[in-house]
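Okay, thanks for squeezing me in today. I'd like to walk you through one model, so let's get it up on the screen.

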Amino acid sequence: MLLLGDIIWLMLGYPVGRIRTKHMTLGINIMKKILLGTVALIAMGMAAPASAADLAARPYRAAPIPVPMMYDWSGFYIGANGGYGWARQCLDITQLGLATVFAEGCNDKGGGVVGGQIGYRWQAGTWVFGLEAQGDWANLRTERVFVNTPLLATNTWKSTINGLGLFTGQIGYAWNAALLYVKGGAAVANQRFDIFNTATGIGLFQAERTRWGGVIGVGLEYGFAPNWTAGIEYDYLFRESDSRTFLTPNLAVASVTANTRTDISLITGRISYKFGGYGAPIAARY
């Protein structure tokens, strides 16, 4: 079948065989284009999954768990303390010219204490070591009427501890912001002695002494802020002993010797400010 275009080519003198060859060439070219297009579509379809895999979402990574930072107990500190103390004092009297020791027994009395402390701590892992000096005003008074000393009968013995000092070393174990420690060292007490007439209150003599002994204690402290700590402490001061001779011109005997043995217990609350360093109970890091 000849197309309009073919008739025109015949009118121009082209032979029918050449026109048919032209049709065959044109059909082959169209088939090639269709085949190439199909191959291209198949290739694109195969490449699409690979591209999708390349564009897949990155795997989810959970945020790291916060790492707690141990509280830092190292550094100098200064603070205040206050509480209650009680003293147990035993008294023996010796009169001039007599070999007999008159035992007046023991007496327990208590009173308030208030003061301050300063020290330094250094931490090695969970162990904490330290040195501390503590000073307190005290009002620990004991009184008793002489009953066993002949020349002092009807008179009263009064002892007042008005100052305390503790110089100690410490060793403790820390659970992050909590610290349990023990301490020990030397203690000093300032003590005043008075003998006065029980009925009239007139003083017969007085003396004041500073006496040394030992101290042991235990405490629990907690860091409630990066540089602030609070705690409670118990201290036992022992062997605060003294022998003191008093001149007694108002008595029939020229002098008497008082032998005293005093043990002191203290329970105090403490608050301290720590210099340097930064110890946070919990510091999250990412």
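Let me start with a term: a cavity here is a set of grid points where a 1.4 Å probe fits but cannot get out, and its lining residues are those with an atom within 4 Å of a point. Keep in mind that this is a predicted model.

So, what lines the largest cavity? You'll find Trp73, Tyr77, Arg121, Thr229 and Lys274 around it. By type, that lining splits into two nonpolar residues, one polar and two charged. The volume comes out at about 30 Å³, and searching the whole structure turns up one cavity of 30 Å³ or more.

Hang on to Arg121 from that lining, as it takes us to the salt bridges. As a general point, side chains of opposite charge can pair when their charged atoms come close. How many salt bridges does the structure hold? Nine.

In one of them, the side chain of Arg121 meets that of Glu221, with 3.0 Å from N to O. Arg121 sits in strand S2, residues 101–124, and Glu221 in strand S6, residues 203–225, so we're looking at a link between distant parts of the chain, 100 residues apart. Are these two buried or exposed? Both Arg121 and Glu221 are buried.

While we're at Glu221, look across to the neighbouring strand in the pairing: Leu179 stands opposite Glu221 in S6. Strand S5, residues 178–197, pairs with S6 in the antiparallel sense, over 19 bridges. The two make a hairpin with five residues between them. If you want to find the turn, look for Gly201, which has a positive phi of about 80°.

Next up is Arg270, and here there are two salt bridges to show you. With Glu132, the N to O distance is 2.6 Å. That pair joins distant parts of the chain, with Glu132 in strand S3 (residues 127–145) and Arg270 in strand S8 (residues 255–274), 138 residues apart. Glu132 has 4% relative accessibility, so it counts as buried. Arg270 is also at 4% relative accessibility, and therefore counts as buried too.

With Glu233, the Arg270 side chain makes a salt bridge at 3.4 Å, N to O. Glu233 lies in strand S7, residues 228–247, and Arg270 in strand S8, so this pair ties together parts that are 37 residues apart in sequence. Glu233 is buried, as is Arg270.

Now put those together. Which residues are linked in a network of salt bridges? Glu132, Lys183, Glu233, Asp235 and Arg270.

Last stop, the cysteines. The count comes to one disulfide, and Cys90 and Cys106 form it, with their sulfur atoms 1.8 Å apart. Cys90 is in strand S1, residues 75–95, and Cys106 is in strand S2, 16 residues apart, so the disulfide too links distant parts of the chain. The link is right-handed, with 100° about the S-S bond.

How do the two cysteines fare for burial? Cys90 counts as buried because its relative accessibility is 12%, and the cut-off for buried is under 20%. Cys106 has a relative accessible area of 37%, so that one is partly exposed.

That's my tour. Happy to rotate the model if anyone wants another look.

Conventions: Residues numbered from 1 in each chain as written. Predicted model: local features only at pLDDT ≥ 70, side-chain atom pairs only at ≥ 80, totals over all residues. Heavy atoms only, no water. Salt bridge = Lys/Arg side-chain N within 4 Å of Asp/Glu carboxyl O. Helix = DSSP H or I, 4+ residues; strand = E, 2+ residues; numbered from the N terminus. Buried < 20%, exposed > 50% of the residue type's maximum accessible area, 1.4 Å probe, protein only. Pairing = 2+ DSSP bridges. 1 Å grid on protein atoms, 1.4 Å probe; cavity = no way out; pocket = protein on both sides within 12 Å on 5 of 7 lines; lining within 4 Å. Points joined across faces, edges and corners; volume = space filled by probe spheres on them. Nonpolar A, V, L, I, M, F, W, Y, C, P; charged D, E, K, R; others polar. Disulfide = S-S within 2.5 Å.
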